[in-house]
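Trainee: I would be grateful for a close look at one part of this structure, namely the way one chain is divided into domains. Please continue from there to the surroundings of that part.

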Amino acid sequence: MPSLNVNGSPRDFDAEPDTPLLWVLREQLGLTGTKYGCGIAQCGACTVHLDGVPTRSCVRPVSTVGPDEKIVTIEGLSRDASHPAQKAWALLDVPQCGYCQSGMIMAAAALLKAKPRPTDADIDDAMTNICRCGTYNRVRAAIKAAAQGGDPKSAGLNIQHVEGSAS
Amino acid sequence: MSAVLSRRSFLAGSGATGLVVAFHIPFIDEAAAQAATPAAAAPEINAWVVVQPDETVVIRIARSEMGQGSLTGLAQLVAEELDCDWARVKTEYPTPGQSLARKRAWGNFSTGGSRGIRESHDYVRKGGATARTMLLQAAADDWKVPAAECRVDKGVITHAASGRSTTYGKVALAAARLAPPADVALRDPKDWKLAGKRLARLDTRGKLDGSQVYGSDLKLPGMLNAAIRDCPVFGGKLASFDAAAIANKPGVKKVLRVGDSAVAVVADTWWRAKSALDALPVVWDEGPNAKIGSADIAATLKAGLDAPEAAVGNANGDARAALASAARTIEAVYSYPFQNHATMETMNATAKFTPAAGGAPARCEVWTPTQNGEAAHAATAEASGLPASQCEVYKLLLGGGFGRRGAVHDWVHQVVAIAKEMPGTPVKLIWSREEDMTHGRYHPITQCKLRAGLDAKGNLTALHMRISGQSILAGVFPQNIRDGKDPVVFQGLNAPGPEASIGYGVPNLLIDHAMRNPHVPPGFWRGVNLNQNTIYLECFVDELAHATKQDPLAFRRKLMTAHPKHLAVLNAAAERAGWGKPLPKGVYRGIAQTMGFGSYVAAVAEVSVAKDGKLKIHRIVAATDPGYAVNPQQIEAQVEGSFVYGLSAALYGGCTVKDGRIEQTNFDSYPVLHMDEMPKVETVVMPSGGFWGGVGEPTIAVAAPAVLNAIFAATGKRIRDLPLKNHSLKTA
């Protein structure tokens, strides 16, 4: 049975070779945090890291991913949503419907690793994901906050966080 | 239990009631779950409030959360009156089946028209206030003191005279047994402690780590997956298909007709179902609409611009006579195309049809992201042929709604039809993006001819707006058409009043509609008819100002003296934007205002256009007066988001028709705004009190006309038909 290295563990799967990596992650491995949006690499909701490179998994045949290539999905980005991007996202209340945000966060995490102090132009180039709710300005602010060590004050949003409350 | 179905919170909630769950399957058997949840474990104070012994306060929310934040806002309103500890607040969705059994205890579930808060603030606050009164009474009864002597803060009840204190969790069981008070007073918004505050959303955590379960993520034991293809031509039918050709494809379980017009493949995984469907030979009967194209539709609408018959939406004076005698008349024709909602998550639902057995009646359950649980419930009953009492709908969080998931539940009808053919097996149906793009419920297509009469001094004396085109109600709720008139067509143009009223006083005014309904099905699309009506009116008013050599802001102000709320937001946006003050070289301003969904909104856009025609939107300043602001930071998020949606449509959107079908199939042919094009947005939230307006939609309508007016200021080019991508802004 073929195998993938996902979030640090080898995982066997059963799928035809031309099955996109996205659907192996979602349907064979139960990792549904990575989303289907378009199926043609336009929207970025399916973004995962492949050996650290942000990759649109909806057009990547699983047979082209080697068993030792390291795949990281949103579920494996951190153990407890503690990646600087995730923390900044939380502080600035970035998600609206949230469906595109896994891909947004994965793209942002790759950007921050490649460019710890991204300029606006860097953000424009790297963040080509589509968000229909329109969270773009908060995404930008959160990337900047993460780059500055997590200080959300620069965004000027003044959001009051109360520990414990949840849906 | 949790409204938003993450595995973590579901297990935590279930554990508290002793229910053992082997899978993360919310509500897999609601009856068993209820039987295993003794009321004593979590006393329900009333329909809205449950207080658990560990002091957790569960607030029930009937309206759906689709990103707009009203789950948090409505909880703030209940908690405000309840005086509970916000840190202990959780939320849950009641189900439509429970609502039916309890005579609609939670009121309307519909989440559209920006009505989540504005149409339920009163009864949800009363729910909180009633619960507080009962909890205080329970403590007072226990202490044998008058309830009026007891105080509560963050769920801790105290009686100062005796120095005693207790908590909501400790008195909840006793409170649940009390009769509710006949009436309760609500707090004056100026005394709000939780409502009105910039609180963080309640539903963020699961959206950061992939744990949030959306409809398309749901997995039930034994579940199969379905892909579907509907006839590409609206009104066409499925003629035949060759199931044998794909019978040997991996994972395929069933190939079946769905209704008159669709075919579905059911397989073990969705990817296998979709792959097999792509290979399935299908013959369509494309029906009477198979030759219709966009030019045909445009010609039909154009004829309506001068048709003698039209339904009048707003009129005063005698516009036709005043136009005939005006010193000068100006005329322009505008148009606005079909738009797809293009929610990030495509349409999907899971259904399980359980036949009658062993004395138990048949049952049909549906799990789906929906903006209206009650409508999804009705669709389930209709499609299954079962009484509503034998159906249930479990709402899942929406990956975008924007109106697509509210009025019409076509995908629910489909999934129930499939599940009925596979009794006992849960089936999840997911639409491909291509299916979603070509089988939407589209923003209506209209054209508008505007004629203005001006006196010798350039004052507006008469205005006739003739709208020609599609009626949403005719396609969705035809029973609401009155005497041939669809009142929703006139959003933003209504006579003075509390809803979507025009902001200008014109001595002779006529606004009428010649209904022309193409075969493409219409739907409510974020902002609805306010989108194009505001473009038509606000761009035309801009034309009048320029034609008479008047400042666009000053020209508007003269017409708005009897419309102080409209004028106040216009002035606020202009002031914050620095209207009239110098701009960097090459940057130009445009302005627009309107009123809709109960709120007053205005915007100023700053743009530049390069010689090669490339547009850059630098900044948009928006002002909104929604009456009351329940969570200002979420209002700001909605304003920004609405601009992305509105500008995506105006700049790039537009669905065209060829051979009876929609031509755009994905985000490559239906492009949307990306981050690199996103302007800075500054939002002035200016609640003036005394009314409750909506937030999710109104501001969408002012983004496009403000930008289009700024483009005219920059280039002298007046864009009258959208999207903008069809025009060149080159000046060199």
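Mentor: In this predicted model, the C-alpha centres of domain 1 of chain B and domain 2 of chain B lie 38 Å apart. The contact between them draws 14 residues from domain 1 of chain B and 20 residues from domain 2 of chain B. On the side of domain 1 of chain B that touches domain 2 of chain B, the residues comprise 5 nonpolar, 8 polar and 1 charged. As for the bounds, the domain assignment places domain 1 of chain B at 42-203, domain 2 at 215-287 + 347-430, and domain 3 at 294-339 + 442-726.

The next element to consider is helix H5 of chain B, which covers residues 121-143. At 1.5 Å a residue, its 23 residues should span 33 Å, and the end C-alpha atoms are indeed 33 Å apart, so the expected and modelled spans agree. Of these 23 residues, 17 are buried, and H5(B) is therefore largely enclosed by the rest of the structure. Just after H5(B) comes Lys144(B), which has a positive phi of about 55°.

Positive phi values also occur in the loop that lies between helix H4 (96-101) and H5 of chain B, where Arg104(B) is found. Arg104(B) is not a glycine, yet its phi is positive, at about 55°. Ser114(B) is found in the loop between H4 and H5 of chain B as well, and its phi, near 55°, is again a positive value in a residue other than glycine. These values deserve mention because most residues other than glycine have a negative phi. The surroundings of the two residues can be set side by side. Arg104(B) has 14 C-beta neighbours inside 10 Å and so counts as partly exposed, whereas Ser114(B), with 27 C-beta neighbours inside 10 Å, counts as buried.

The nonpolar interior follows. The largest nonpolar core has 267 residues, and those that touch the most other members are Leu135(B), Ala573(B), Ala603(B) and Val707(B). The element that gives the most to this core is helix H18 of chain B (residues 700-715), with 13 residues. The contacts of Ala603(B), not counting residues up to four places away in sequence, include Ala573(B), Ala592(B) and Ile620(B), and also Thr699(B), Val702(B), Ala703(B) and Ala706(B). In the segment after H18 of chain B lies Pro723(B). The peptide bond that leads from Leu722(B) to Pro723(B) is cis, with omega near 5°.

Finally, chain B has a partner. In the contact between the chains, 56 residues of chain A meet 61 residues of chain B. On the side of chain A that touches chain B, the elements giving two or more residues are helix H1 (21-28), helix H2 (84-91), helix H3 (101-114), helix H4 (120-126) and helix H5 (136-147) of chain A. H5(A) supplies the largest share of that side, 5 residues. By class, the side of chain A that touches chain B has 25 nonpolar, 22 polar and 9 charged residues.

Chain A is itself divided, into domain 1 (3-76) and domain 2 (84-150). The C-alpha centres of domain 1 of chain A and domain 2 of chain A are 21 Å apart, and 15 residues of domain 1 of chain A are in contact with 12 residues of domain 2 of chain A.

Key:
Residues numbered from 1 in each chain as written. Chains lettered and ligands numbered in written order. Predicted model: local features only at pLDDT ≥ 70, side-chain atom pairs only at ≥ 80, totals over all residues. Domains from an automatic or database assignment. Contact = placed C-beta atoms within 7 Å. Helix = DSSP H or I, 4+ residues; strand = E, 2+ residues; numbered from the N terminus. Expected span 1.5 Å × (residues − 1). Buried ≥ 20, exposed ≤ 12 C-beta atoms within 10 Å, placed from the backbone. Core = buried A, V, L, I, M, F, W, Y, C linked by C-beta atoms within 7 Å. Nonpolar A, V, L, I, M, F, W, Y, C, P; charged D, E, K, R; others polar.
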